[in-house]
Amino acid sequence: MAWEVYALCPGGRTVDWSTRLYLHPIGETTTSAYFLWVLRGPKGPLLVDTGFTHRLGKVKGAPVEQLRTREELLEAAGVDPGTLRTVILTHMHWDHFDLEGAFPKATFWVQRRELEFWRRYGGQEPWHQRFLSDCFFEDVDAIRSGRRLQLIDESYQVADGVRVEWVGGHSPGMQIVVVESATGPFVIASDALTSYRNLRDWMPPAIHINSVAECLDAMKRVEVLTGGDERRICPGHDGEVWRKFPEVGPGVYRLA
Ligand SMILES: [Zn+2]
């Protein structure tokens, strides 16, 4: 079954490459974009990551005045957040997981070790807390108590033609999404790659909470799955996506 793949982008901000690529020298800037993704197939849309509210973006220092809202993006992509059934979480950092009551009917698919890390050590240790939404625990409680949380160990077929694979590295339970598209397997790498330059220059992401070695293995895996074809890869934060793929609605990019 062939799925259509869309990236939804609220916008981005200028950052130094040293905050994106591990041990890159300072002094060279790039555009860091935010993304969530929509998969379209016969069984209805499927969301990959939730993005974040403007309220949380402001708390975290994102330039929210210049960003499209999540509601605007979902509407432009024709997704009704009130009836959406399935959300895959690539990981649980604040820019990828923030509910605050959104998606009340959806079931969330996340790696068990991602949830366990952030519920225990990561969610309690002060330095690591920066990666989480300030309502992380309320959001997790809401979907757990509503029996809308599904835990994955390693690899899992979430739907016909949509598979997740644990890669770790950037976050303990980081997972990539492999989607059967009309042009072959498309990989939503999310933050397993911060940018295309991870592969081009063979440099791990600057943020690697679990391990650099896992980041490098993840990069290798994305390369194997796609033959290194950048037209079948979407990184987690690369503004180059805006130029590489057609914009079919405001902030909506057709990837495959
Ligand atoms: Zn991210």
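**Figure 1. Helix H5 and the elements that cover its buried residues.** In this predicted model, helix H3 (112–119) and helix H4 (121–124) are among the elements that cover the buried residues of helix H5. Helix H5 spans residues 136–145, and its buried residues include Phe136, Asp139 and Val140. Viewed down the axis of H5, the buried residues fall within an arc of 95°, and they therefore line one face of the helix. The spacing fits a general rule, since an α-helix has 3.6 residues a turn, so that residues three or four places apart point the same way. Glu138, Asp141 and Ser145, by contrast, are exposed on the other side of H5.

**Figure 2. The two ends of helix H5.** The loop between H4 and H5 holds Cys135, which has 19 other C-beta atoms within 10 Å and is classed as partly exposed; because burial requires 20 or more such atoms, Cys135 does not count as buried. From Cys135 to His24 the separation is 111 residues in sequence and 33 Å in space, taken from C-alpha to C-alpha. Just after H5, Arg147 adopts a positive phi of about 55°.

**Figure 3. The open sheet from S7 to S11.** Five strands, in the order S7-S8-S9-S10-S11, make up an open sheet with mixed pairing. Strand S7 (155–159) and strand S11 (233–235) are the edge strands, each of which pairs on one side only. From one strand to the next, the twist averages 20°. Within the sheet, S8 is mostly covered, with four of its five residues buried.

**Figure 4. Antiparallel pairing around strand S8.** S7 and S8 run antiparallel and are joined by four bridges, one pairing being that of Ser155 with its bridge partner Glu165 in S8. The two strands form a hairpin with two residues between them, and Gly161 in the turn has a positive phi of about 90°. S8 and S9 also run antiparallel, with five bridges joining them, and here Trp166 stands opposite Gln175 in S9.

**Figure 5. Parallel pairing at strand S11, and the helix that lies across the sheet.** Strand S10 (residues 184–190) and S11 run parallel and are joined by three bridges, with Ser190 placed opposite Pro235 in S11. Helix H7 (residues 212–226) lies across strand S8 (162–166), strand S9 (175–181), S10 and S11, and runs at about 160° to S10.

**Figure 6. Val222 in the largest nonpolar core.** The largest nonpolar core has 69 residues, of which Tyr6, Ala7, Leu8, Trp37 and Val222 touch the most other members. Strand S2 (residues 29–40) contributes the largest share of this core, namely seven residues. Setting aside residues up to four places away in sequence, Val222 touches Ile176, Val187, Ala189, Ala192, Leu193 and Ile233. More generally, nonpolar side chains in soluble globular proteins tend to be buried together.

**Figure 7. Positive phi at two loop residues that are not glycine.** Most residues other than glycine have a negative phi, and the two residues shown here depart from that pattern. Glu100 is not a glycine, yet has a positive phi of about 55°; this residue belongs to the loop between strand S4 (86–88) and strand S5 (107–111). With 15 other C-beta atoms within 10 Å, Glu100 is partly exposed. Trp202, likewise not a glycine, has a positive phi of about 50° and is found in the loop between helix H6 (197–200) and H7. Trp202 is exposed, having 11 other C-beta atoms within 10 Å, because a residue with 12 or fewer such atoms counts as exposed.

**Figure 8. The chain as a setting for the close-up views.** The chain contains eight helices and 13 strands, and its C-alpha atoms fill a box of roughly 45 × 45 × 40 Å along the principal axes. Its radius of gyration is 17 Å, which agrees with the value near 18 Å that a compact globule of 256 residues would have. Buried residues account for 48% of the 256 residues in the chain. Of the contacts between residues at least 6 apart in sequence, 65% join residues that are at least 24 apart.

Definitions and conventions. Residues are numbered from 1 along each chain as its sequence is written. This is a predicted model: local features need pLDDT of at least 70, side-chain atom pairs count only at pLDDT 80 or more; totals for chains, interfaces and linings use all residues. Two strands pair if DSSP finds at least two bridges between them. Axes are lines fitted to C-alpha atoms, for helices over the stretch in contact, and angles run from 0 to 180 degrees between N-to-C directions. Two residues are in contact if their C-beta atoms, placed from the backbone, lie within 7 Å. A nonpolar core is a set of buried Ala, Val, Leu, Ile, Met, Phe, Trp, Tyr and Cys residues joined through C-beta atoms within 7 Å. The radius of gyration is taken over C-alpha atoms; the globule rule is 2.2 Å times the number of residues to the power 0.38. The arc is that of the directions from the helix axis to the C-beta atoms.
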